[in-house]
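This report introduces a protein structure to a reader who has not met it before. It treats the confidence of the model, one sheet, and the contacts of aromatic rings.

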Amino acid sequence: MRTKIVSALALCVLACGCYNPLGLDTLRVTGCTPSNGVRGVQDDVQVVVTFNNEVSRKDIEDSFSLSGDEESVEGSFNWTSSKSFSFVPRSALSTNGRYVISIPRSVRDSKGNKMQMDFLSEFYAGADMDLPLIVSTAPAYTEGGTMNIPVDQDLEIVFSEPMDVQKTEEAFSLSPHTYGYFSWNAGHTIMQYVLTGEMEYGTQYHLTLSGGACDAAGNELAEPCSIIFITGDDFTPPEVQGMYDAGTVPPPYWSTTAMNEGVSKETNIAVSFSEPMNRSVTEGAFSLQPSTSGVFTWNAGSTIMVFSPEEALTPGAAYVIKVDTSAQDRNGRRLLAEHRALVHINGTDSRHFRVGNVYGSHDGGVTDAYHLLFFQNPATWPVSIEMGTVAVPATPTDSEMDYYFRIHFEYEDNGDPAPITTASIFDSVSVDDFGITYVPNIKDIIHMPGDSEIIVVIGNMSNDESSGAPRVLYRLTVSGGSYGMKDAGGNEMRESFSFECRED
């Protein structure tokens, strides 16, 4: 019994400073609300303290404190008398848990007496002191990570009690980030993160819920949540094995570092992948610059994609073909790097040709050897031509009114001879004059199949300087473009060629 009495006295000294063996009139706390150790205190509580003597207000207001586990509570003082005051928190207590009232022994009464020791008293806010627990998760926790999670699976956490929605959502994170929104059941015990986009296939994700998550009473999560999971079971990204002309089997892949020469304007572009691809997504990752419309086809295994342009590519042009990293295999794995090739449309059927040299003779080389009239740019324009013996009187023979033009064709890119198709010649050559006496005509066109030259014989030219009339101006035209001259490969002249001359 004696031991119990001593313990009770010690508790009184700690709590109230009431033990006074010397009989001195010490300052002490005679009342405190909430009382020491009480639980279930409301969050709008006011602390009321009463002393045995009149106390220094300044000392109290400078040194009194009310603090929770994390921080001090701010508030104001309301004095009901010189011995009693109430401390009114500025806002409701934010969290459940332990709060401590503290008054240091340095506080004095009106006579300068101090307390024998510090005054400390504690209380507990809220009736719910149990920490919330995580009951289950989806994906479930597995040592080392959960495998083969669908890319569109929503994430779920089930709690042991109703949670504070805002704080729990703020404590949630998913890395790599995937867009979604939160959804709760009516009791706020089940939180779902509903995906608005798919996760990346074959990727490791980290779901965390930090200790900032708390229940409706403010109790924080007992243990933070950390779950590793991996989408799918295919961890090998696809690769582009190569690009090539779909008409070549087996395909020599186009270089990715150098210009690929000799590509046909009629080429269909094939792209070979290392595994079956998501067709629509991969088609969207393909591009051809300059831009060209076309259609896609695939092999049965979805490993070879063929792009067929709707119109022939431009001869002489360079094109960039690219498949970017948005291309995906059937499991959603993306290319690690884009694949591109640069091609030059200059195959045997994809070259522009032009008129090279033009030679002339008034008798087809019998007595008058062909001589150069035109080479890129003549010294004078129009070019003077020698018609031979002038007829007197003004009714010359046919031979004296003819002139022979020998026209050479060559490719623009390297000047090699361009073999002309005979059938394209006759509607592609014309002659005009700017005189009034004679009307010239195409008397004959001579061409040997596979030859790069034609001989055009112009008849009914004037050849009549004796009359004193001005020399006649002639224009010989060779048509180009899609309706003009063609070579053996179906190539075209980029534009028409006109040659102007006068009789000498």
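The structure is a predicted model, and the mean pLDDT of the protein chain is 87. A pLDDT of 70 or more is reached by 90% of the residues. Over residues 1-23, however, the pLDDT is below 50. Beyond near neighbours in sequence, this stretch has 21 contacts in the model.

**The sheet**

Five strands form an open sheet in the order 25-24-27-30-29, and their pairing is antiparallel. Strand 25 (371-375) and strand 29 (441-446) each have a single partner strand and therefore stand at the edges, with one side left without a neighbour in the sheet. On average, neighbouring strands of this sheet are turned by 30° against each other, direction ignored.

At one of these edges, strand 25 pairs with strand 24 (residues 353-361) in the antiparallel sense, over 4 bridges. Tyrosine 359 has leucine 372, in strand 25, as its bridge partner.

**Aromatic pairs**

The whole structure contains 25 aromatic pairs. Two of them are set out below.

| Pair | Centre to centre | Angle between planes | Type |
|---|---|---|---|
| Phenylalanine 77 and phenylalanine 85 | 5.7 Å | 55° | tilted |
| Phenylalanine 353 and phenylalanine 409 | 6.0 Å | 80° | edge-to-face |

The edge-to-face pair links distant parts of the chain, since phenylalanine 353 belongs to strand 24 and phenylalanine 409 to strand 27 (residues 403-411), 56 residues apart. Phenylalanine 353 is buried, at 1% relative accessibility, and phenylalanine 409 is buried as well, with a relative accessible area of 0%.

In the tilted pair, phenylalanine 77 has a relative accessibility of 23% and so counts as partly exposed. Its partner phenylalanine 85 has a relative accessible area of 0% and is buried. Both residues also belong to one aromatic cluster, which is formed by Phe51, Phe64, Phe77, Trp79, Phe85 and Phe87.

**A charge over two rings**

Which rings does arginine 406 lie over? One is the ring of tyrosine 359, where the charged end of arginine 406 sits 4.5 Å from the centre. The other is tyrosine 370, with arginine 406 over its face at 5.0 Å from the ring centre. Tyrosine 359 thus appears in two settings: it is the bridge partner of leucine 372, and its ring lies beneath the charged end of arginine 406.

How values were computed. Residues are numbered from 1 along each chain as its sequence is written. This is a predicted model: local features need pLDDT of at least 70, side-chain atom pairs count only at pLDDT 80 or more; totals for chains, interfaces and linings use all residues. Side-chain values use heavy atoms; hydrogens and water are left out. pLDDT is the predictor's confidence in each residue, from 0 to 100. Contact means heavy atoms within 4.5 Å. Two strands pair if DSSP finds at least two bridges between them. Axes are lines fitted to C-alpha atoms, for helices over the stretch in contact, and angles run from 0 to 180 degrees between N-to-C directions. Rings of Phe, Tyr and Trp (its six-membered ring) pair if their centres lie within 6.5 Å; planes under 30 degrees apart count as stacked, over 60 as edge-to-face and the rest as tilted. Buried means under 20% relative accessible area, exposed over 50%, partly exposed in between (1.4 Å probe, protein chains only). A charge sits over a ring if NZ of Lys or CZ of Arg is within 6 Å of the ring centre and within 35 degrees of the ring normal.
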